[in-house]
Amino acid sequence: MDTELAQILDGIGPRLRALRRDRGLTLEALADATGISVSTLSRLESGKRRPTLDLLIPLARAHRVALDQLVAAPASGDPRVHLTPLHKGHGSVLVPLTQYPGRVQVFKQVLAPREPKLVTHHGYEWLYVLAGELRLILGERERTLRPGEVAEFDTREPHWFGPANGSAVEILHLFGPRGDQAVVREGPSAAEPAPGA
């Protein structure tokens, strides 16, 4: 085995462990999702077992990454994310801002006008309006958000969002598993003394 191939294979275990931890999964949960035993997963992550396609394919599916992302290390030295816009139906555009799906996925979206259709699914969403006006329907409630305004909600509640008028709206869209919620950090209020005061 040549040195380059050995280095590629040696890098797969740590990459698998990092993906699993980033997604907050235990070995047991990943074993349930893939049908691969806990001991095999542990040996793969520690480098004690060489990866094969029949092991890597279900792991790539479970982590929602391309197979080549498990096998080859990402390019180093350039911190920029190379964006690839995805054109959706009716003039909408989705730009993934995170390279590896983890606990929270981030997208920039340009949403073209379309008819509301309420949906539900597991997860938690945050929407930040960059430009235009966003119409958000949550169950029986409806709101219009303007640039700089934010909404967050559990996606098990029927919801829909899109332009509030005939013009497109541009948003940042964060989606994560249920249980992940935004953490707001604030300084002390006027009623609370600052530390050391």
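**View 1. Surroundings of Leu41 in the predicted model.** In this predicted model, Leu41 is in contact with Leu27, Leu30, Ala31, Ile36 and Leu59, once its neighbours within four places in sequence are left aside. Leu41 also belongs to the largest nonpolar core, which has 17 residues and in which Leu16, Leu41, Leu59 and Leu70 touch the most other members. At least two residues of this core come from each of helix H1 (3-22), helix H2 (27-34), helix H3 (38-46) and helix H4 (53-63), and H4 gives the most, with five residues. In soluble globular proteins, nonpolar side chains tend to be buried together.

**View 2. A second nonpolar core.** Separate from the core around Leu41 is a second one of 12 residues, and among them are Leu127, Leu145, Val169 and Ile171.

**View 3. Strand E5 and its two partner strands.** Strand E5 (residues 134-138) is largely enclosed by the rest of the structure, because four of its five residues are buried. E5 pairs with strand E6 (residues 141-145) in the antiparallel sense over five bridges, and within this pairing the bridge partner of Arg135 is Thr144 in E6. The hairpin of E5 and E6 has two residues between the strands, and Gly139 takes a positive phi near 60° there. E5 also pairs with strand E8 (residues 159-163), again in the antiparallel sense and over five bridges, and here Ile137 stands opposite Trp160 in E8.

**View 4. The open sheet and its edges.** Six strands form an open sheet with antiparallel pairing, in the order E1-E2-E3-E9-E4-E7. Strand E1 (86-87) and E7 stand at the edges, and each has a single partner strand, so one side of each is left without a neighbour in the sheet. At the E1 edge, the pairing of E1 with strand E2 (residues 93-96) is antiparallel and runs over two bridges, with His87 standing opposite Val93 in E2.

**View 5. A nonpolar patch on the surface.** Tyr128, Leu130 and Val150 together make a nonpolar surface patch of about 250 Å². Val150 lies in strand E7 (residues 150-154), which is one of the edge strands of the open sheet. With a relative accessible area of 53%, Val150 counts as exposed, because that term applies to residues over 50%.

Conventions:
Residues are numbered from 1 along each chain as its sequence is written. This is a predicted model: local features need pLDDT of at least 70, side-chain atom pairs count only at pLDDT 80 or more; totals for chains, interfaces and linings use all residues. Side-chain values use heavy atoms; hydrogens and water are left out. Patches are made of residues with over 30% relative accessible area and no salt bridge: like charges are joined within 9 Å, nonpolar side chains (Val, Leu, Ile, Met, Phe, Trp, Tyr) within 5 Å. Accessible areas come from the Shrake-Rupley method with a 1.4 Å probe; for residues, only the protein chains shown count as cover. A salt bridge is a side-chain nitrogen of Lys or Arg within 4 Å of a carboxyl oxygen of Asp or Glu. Buried means under 20% relative accessible area, exposed over 50%, partly exposed in between (1.4 Å probe, protein chains only). Two strands pair if DSSP finds at least two bridges between them. A nonpolar core is a set of buried Ala, Val, Leu, Ile, Met, Phe, Trp, Tyr and Cys residues joined through side-chain atoms within 4.5 Å. Contact means heavy atoms within 4.5 Å.
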